[in-house]
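Trainee: I have a model open and would like to learn how to read its features. Could you walk me through a few of them?

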Amino acid sequence: MIIAHLDLDAFFAAVEELEDPRLRTKPLVVGGDPKGRGVVATANYVARRYGIRSAMSCAEALRRCPHAFFVRPSRNRYSAYSRTVWDCVREITPTVERTGIDEGYLDVGEVASDFGEARAVAEAVQISVRAATSLSCSLGVASCKVVAKIASDRRKPGGITVVRTGQERSFLAPLDIRLLPGVGPHSERRLSAAGIETIGALAELDDRELSTVLRGKVGRLLRHRAQGIDPRALAGPAEAISISHEETFPRDVESRTQLYAELNAMAGRVVERLDVLGQAGRTITTKVRYGDFSIRSRSRTLAEPTDQAERIGEVACQLLDRALQDRPGALRLVGVGVSNLVNERQLPLVDSSELQESSGAAAHAALTVRSEQEDGPHGT
């Protein structure tokens, strides 16, 4: 099996630079209002020199770089570029698994008999994407998904990294443990406390040593990935009745500003999944879990479906306010979900005002598809 992972370089920022070439030399941040609750969706490579990164609050990005240029995300524009990119890719490698608006896996083995040919295929993909869109992409080529994904990030922007069969462990071994998909904050702390800082150190643990650090299926799965073992095949997008994302915090969080930032970032992740499925949703749900593990949910159904991260984040923050008004307190977990899904072609030109609100068990039941759970395997 030969798989490639394709990642468009600083995608949102790159599209904005294409639309306005004057932005190419400026520290550009794509995100929300730096004077409000906005978060960074992405930043160009000039802005990254100031330590600006995705999911950071825009207020912090402005503090780090007061002369940064901020633009609001244009989801329709990004979706149009993304469709062109993946149309180009499918002309070269017909079997593709999109995992986001700007990344996905390619079954290179369908068109290449060895890793030499696979590199040529990756180069052809880069040339085709650049010719059609002027966008740059990076690719990792390997025998499995986890290695391909990590490899695609090693030579950004515009690089190709090939990890041949038999080289997986030596490629992964020196890399920081946090780069391994599936290692969440909790697992990272446990591994670090045990002196395990690299992927190679995790790969070398025997069963007894592993059980003292990471127990059960998660520990065994992560050790397999650290060893370059990942049998997952490419899969098409699954039919979903709702899309959601949630995060469990290392410590309970009371700061409303931090919670707003987390919800807006999660809204962006939810929208990425909606875009892959070509869908939008009418019902937005915010889920909270308190320190005593009790759960509350609040939902709002819009008159028209939306696939806009800013709109979803805005409503999610309002629903958080309602939940905390009913019961104040620090939170262990927050989540954002979108349900009542429709196909993208059914979208109206604009969102209308809200029709109704609901709360409690019915709202919680809408959160049936989770894009990530604490320290669970990431869908990479």
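**Reading salt bridges, a sheet and a helix**

Mentor: Gladly! Let's begin with charge pairs: this structure holds 19 salt bridges. Keep in mind throughout that the model is predicted.

Trainee: What is the general idea behind such a pair, and which side chain does Arg77 meet in a salt bridge?

Mentor: In general, side chains of opposite charge can pair when their charged atoms come close. Here, the side chain of Arg77 meets that of Glu16, at 3.1 Å from N to O. This pair links distant parts of the chain, with Arg77 in helix H4 and Glu16 in helix H1, 61 residues apart.

Trainee: Is Glu16 buried or exposed?

Mentor: Glu16 counts as buried because its relative accessibility is 6%, and buried means under 20%. Arg77, at 32%, is partly exposed.

Trainee: Where do Arg223 and Asp207 sit?

Mentor: Arg223 is in helix H11 and Asp207 in helix H10, 16 residues apart. Their side chains form a salt bridge at 2.8 Å, N to O. Arg223 is buried at 11% relative accessibility, whereas Asp207 is exposed at 55%. You can also look for networks: Asp7, Asp9 and Lys156 are linked in one made of salt bridges.

Trainee: Now the sheet. In what order do the strands come?

Mentor: As a general idea, strands of a sheet pair through backbone hydrogen bonds, either parallel or antiparallel. In this model, 3 strands form an open sheet in the order E3-E2-E4, with mixed pairing. Strands E3 (40-43) and E4 (69-71) each have a single partner strand, so one side of each is left without a neighbour in the sheet. From one strand to the next, the twist averages 25 degrees.

Trainee: How many bridges join E2 to E3?

Mentor: There are 3 bridges between E2 (residues 28-31) and E3, and the two run antiparallel. For one of the partnerships, find Val29, whose bridge partner in E3 is Ala43. Helix H1 (residues 11-19) lies across E2, E3 and E4, at about 115 degrees to E2.

Trainee: And how should I read a helix?

Mentor: An α-helix has 3.6 residues a turn, so residues three or four places apart point the same way. Take H12 (residues 256-277): its 22 residues reach 32 Å from first C-alpha to last, close to the 32 Å expected. Just after H12, Gly278 takes a positive phi of about 65 degrees.

Trainee: What does Asn264 touch?

Mentor: Asn264 is found in H12 and is buried, with a relative accessible area of 15%. Leaving aside residues up to four places away in sequence, Asn264 touches Arg37, Val39, Gly313, Glu314 and Cys317.

How values were computed. Residues are numbered from 1 along each chain as its sequence is written. This is a predicted model: local features need pLDDT of at least 70, side-chain atom pairs count only at pLDDT 80 or more; totals for chains, interfaces and linings use all residues. Side-chain values use heavy atoms; hydrogens and water are left out. Helices (H or I, at least four residues) and strands (E, at least two) are DSSP runs, numbered from the N terminus. The expected span of a helix is 1.5 Å times one less than its number of residues. Buried means under 20% relative accessible area, exposed over 50%, partly exposed in between (1.4 Å probe, protein chains only). Contact means heavy atoms within 4.5 Å. Two strands pair if DSSP finds at least two bridges between them. Axes are lines fitted to C-alpha atoms, for helices over the stretch in contact, and angles run from 0 to 180 degrees between N-to-C directions. A salt bridge is a side-chain nitrogen of Lys or Arg within 4 Å of a carboxyl oxygen of Asp or Glu.
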